[in-house]
Amino acid sequence: MKLKIAVLPGDGIGPEICEQGVNVMTAIANKFGHTVTYDYAICGADAIDKVGDPFPEETFQTCMQADAVLFAAVGDPRFDNDPTATIRPEQGLLAMRKRLGLFANIRPIETFPSLVHRSPLKDEIVSEADFVCIRELTGGMYFGEKYSDEDKAYDTNIYTRKEIERILHVAYTYAQRRRNHVTVVDKANILASSRLWRKVAQEISQQYPNVTTDFMYVDNAAMRMIQEPRFFDVIVTENTFGDILTDEASCITGSMGLLPSASTGEHTPVFEPIHGSWPQAKGLNIANPLAQILSVAMLFDHLSLTDEARLIRKAVQASLDAEVRTPDIQVEGGKHYGTSDVGQWIVNYINNIE
Ligand code: IPM
Ligand code: MG
């Protein structure tokens, strides 16, 4: 297969982890006889510095012409600490989601047995937790009408039936490939938008009689996730609730540096780690590249190249077993490997396997 990949390294540790993702992708392509070309493009604070726009038109065009986007991270403390800044790196991310029509954000939450002890939860609660959060990504408060003056401000949590229906279909499709269980998370006891979500979900659920559907208020879901994470199979929810719940979900496994995500919708899909740009670690060669590398696995899965995806996951598992790990997940007393060492080890593993 011929693949055209747009690569958006972004800010902070982005470029370092992205390099490892690209190296792994190239190794897999060589192994399986695919031809990949990479088109690099700027975004985030890097793009603000260079052209004054966190998601420039040229970057958008590069994304549109690609089969998939490999994205790393954006964000810079220069902007975080300045509430008056009118242009922010995160706006680039939102612009990318909106312009590419990426309404479905898929965040699989998996536990790795060798890392479960790092979870803030007890092993017996968290081990074998395995669920996926499907977060609506282009609606709700993030994009609804906003207003602010000195005394008053608001954001509008607006959803249309069409937006709700299409994300629900994504969730049910995932559930059918998994354990046939969807949990719709909302706040239907308070919010009108949530009541529409619940009504539409009740209708759509009829089309999937083999899937068990349950409804949970978001506050209750936040609690259940730490009490009994194994309860969940597929969670589907609106943009803001999904933002909050996926941060919670990502840390309970004890391996935030290992969690990839996919954003899909109308145009080119984007694959990126769940974690952020960790500016303090920039250039230190200590960042964990595994979430980025596993994003490449999700990319291959999306293209139905499942053997390719499986080999990446196997190589990542082998690196963990061999304790070739960055400091954030290394065992006590174990050697610290750099970002590039871990990436190179995985590339070698892929090259050398029969
Ligand atoms: C995420 C992030 C983004 C979001 C920020 C960086 C804009 O937190 O992808 O979850 O809020 O969606
Ligand atoms: Mg978030």
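**Salt bridges and two domains**

Visitor: Is Lys-50 buried or exposed?
Guide: Lys-50 has a relative accessible area of 54% in this predicted model. The cut-off for that upper class is over 50%, so Lys-50 counts as exposed.

Visitor: Which residue meets the side chain of Lys-50 in a salt bridge?
Guide: Let's look along helix α2, residues 44-51. The partner sits 4 residues apart from Lys-50, about one helical turn, and is partly exposed at 21% relative accessible area. With 2.8 Å from N to O, the salt bridge joins Lys-50 to Asp-46.

Visitor: How many salt bridges does a search of the whole structure find?
Guide: Side chains of opposite charge can pair when their charged atoms come close. Examples include Arg-224 with Glu-228, at 3.0 Å, and Asp-155 with Lys-146, at 2.9 Å. There is also a network linking Asp-130, Arg-178, Arg-179 and Asp-233. For the whole structure, the search finds 19.

Visitor: Which residue forms a salt bridge with Arg-166?
Guide: The protein is divided into domain 1 (1-102 + 265-354) and domain 2 (120-253), which places Arg-166 in domain 2. Across the interface of the two domains there is 1 salt bridge. Its closest N and O atoms are 3.0 Å apart, and the partner of Arg-166 is Glu-266.

Visitor: Which three residues supply 59% of the area that domain 1 buries against domain 2?
Guide: Domain 1 and domain 2 bury about 680 Å² between them, with 62% of it on carbon and sulfur atoms. On the domain 1 side, one trio supplies more than any other three residues: Leu-94, Arg-97 and Lys-98.

Technical notes: Residues numbered from 1 in each chain as written. Chains lettered and ligands numbered in written order. Predicted model: local features only at pLDDT ≥ 70, side-chain atom pairs only at ≥ 80, totals over all residues. Heavy atoms only, no water. Domains from an automatic or database assignment. Buried area = accessible area lost by both parts, 1.4 Å probe. Salt bridge = Lys/Arg side-chain N within 4 Å of Asp/Glu carboxyl O. Helix = DSSP H or I, 4+ residues; strand = E, 2+ residues; numbered from the N terminus. Buried < 20%, exposed > 50% of the residue type's maximum accessible area, 1.4 Å probe, protein only.
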